[in-house]
Amino acid sequence: MSVELISNYGSDNMIANVARVSYGKDSSNYTEEQNEKLINYLVNHKHTSPFRHPQLQFRVKCPIYVERQLHKHQVGISVNSISGRYVDFSDSYYRIEQFREQSKDSKQGSGENLKDVLNKEAIRIQNMVINQCSQAYDALLNLGVSKEQARSVLPLSLETEFIWTGSLLAFFHMCSLRLKEDTQKETRDVVSSMLELVKNIDGNPFEHTIKAFKL
């Protein structure tokens with residue numbers, strides 16, 4: 001899995017400026033401290049429309065089952081993915097190194113790590129299935145089957161690649177949900193990487209907003 005921040009647009013100052021236009025004002029005569037107070041006020045009182053103006057764009061590579069969880073967030077977001085109809089991308093798979101037990105108190109979650117002997121067997125089964133699916137896909141292509149149909153035999157562990165573009169508000173909403181403990185770890189890892197990239201933008205243009213949203 002990998003995450004790249006392609007571009008970012010906007011800043012705390014932009015957010016404050018957007019908020020002040022309601023009163024016919026701009027942020028040119030306000031200090032950074034005043035902007036920070038305004039941003040905190042906006043977040044605390046759920047006046048969130050100013051946070052829709054800044055934009056973030058990422059390139060993400062992850063297994064299909066993680067992509068599906070991220071694509072559930074659609075408001076304020078656009079996503080374009082690599083297409084198995086056009087290209088053969090069947091040579092890249094996410095291979096789990098540590099399997100987890102089914103959670104005892106959650107139908108969809110996982111619990112403790114499998115014991116070593118069971119984990120080794122789970123890895124063996126995983127690799128066997130991936131190899132068989134990859135070979136089946138190649139065999140179908142060699143028969144002349146179209147890519148759009150041959151891809152039907154590929155597993156969910158196949159890594160896909162997509163461009164994610166969204167407003168700062170949409171991104172923070174996704175983070176607030178997908179960084180929770182009950183989210184699948186692999187999905188948390190991707191979203192956590194996305195957030196760390198935003199926090200480490202040169203000059204940290206969203207420093208006050210990130211703090212206000214408690215991320």
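Buried here means under 20% relative accessible area. That cut-off comes into play in the first view of this predicted model.

**View 1. Ser134, tucked into helix α4 as a buried residue.** Helix α4 covers residues 116–142, and Ser134 is part of that run. With a relative accessible area of 18%, Ser134 falls under the 20% cut-off, so Ser134 counts as buried. Which residues does Ser134 touch, leaving aside its neighbours within four places in sequence? Those contacts are with Ser90 and Tyr93.

**View 2. How helices α6 and α7 cross.** Here we have α6, residues 168–178, packing against α7, residues 185–199. Their axes sit 10 Å apart, and the packing angle is about 140 degrees. The two helices are therefore oblique to each other. As for handedness, α6 goes past α7 in a left-handed crossing.

**View 3. A closer look at the residues between α6 and α7.** On the α6 side, Phe171, Met174, Cys175 and Arg178 make the contact. From α7 come Thr187, Arg188, Val191, Met194, Leu195 and Val198. Sorted by class, the contact of α6 with α7 has 7 nonpolar residues, plus 1 polar and 2 charged ones.

**View 4. Confidence along the chain, with strands β1 and β5 picked out.** Averaged over the chain, pLDDT comes to 93, and 100% of the residues score at least 70. Where is confidence lowest, and where is it highest? Strand β5 (residues 110–113) takes the low end, at a mean of 90, while strand β1 (residues 2–9) takes the high end, at 98.

How values were computed:
Residues are numbered from 1 along each chain as its sequence is written. This is a predicted model: local features need pLDDT of at least 70, side-chain atom pairs count only at pLDDT 80 or more; totals for chains, interfaces and linings use all residues. Side-chain values use heavy atoms; hydrogens and water are left out. Axes are lines fitted to C-alpha atoms, for helices over the stretch in contact, and angles run from 0 to 180 degrees between N-to-C directions. Helices (H or I, at least four residues) and strands (E, at least two) are DSSP runs, numbered from the N terminus. Angles under 35 degrees count as roughly parallel, over 145 as roughly antiparallel, 65 to 115 as roughly perpendicular and the rest as oblique. A crossing is left-handed if the near helix is turned anticlockwise from the far one by less than a right angle, and right-handed if clockwise. Contact means heavy atoms within 4.5 Å. Ala, Val, Leu, Ile, Met, Phe, Trp, Tyr, Cys and Pro count as nonpolar, Asp, Glu, Lys and Arg as charged, and the others, Gly among them, as polar. pLDDT is the predictor's confidence in each residue, from 0 to 100. Buried means under 20% relative accessible area, exposed over 50%, partly exposed in between (1.4 Å probe, protein chains only).
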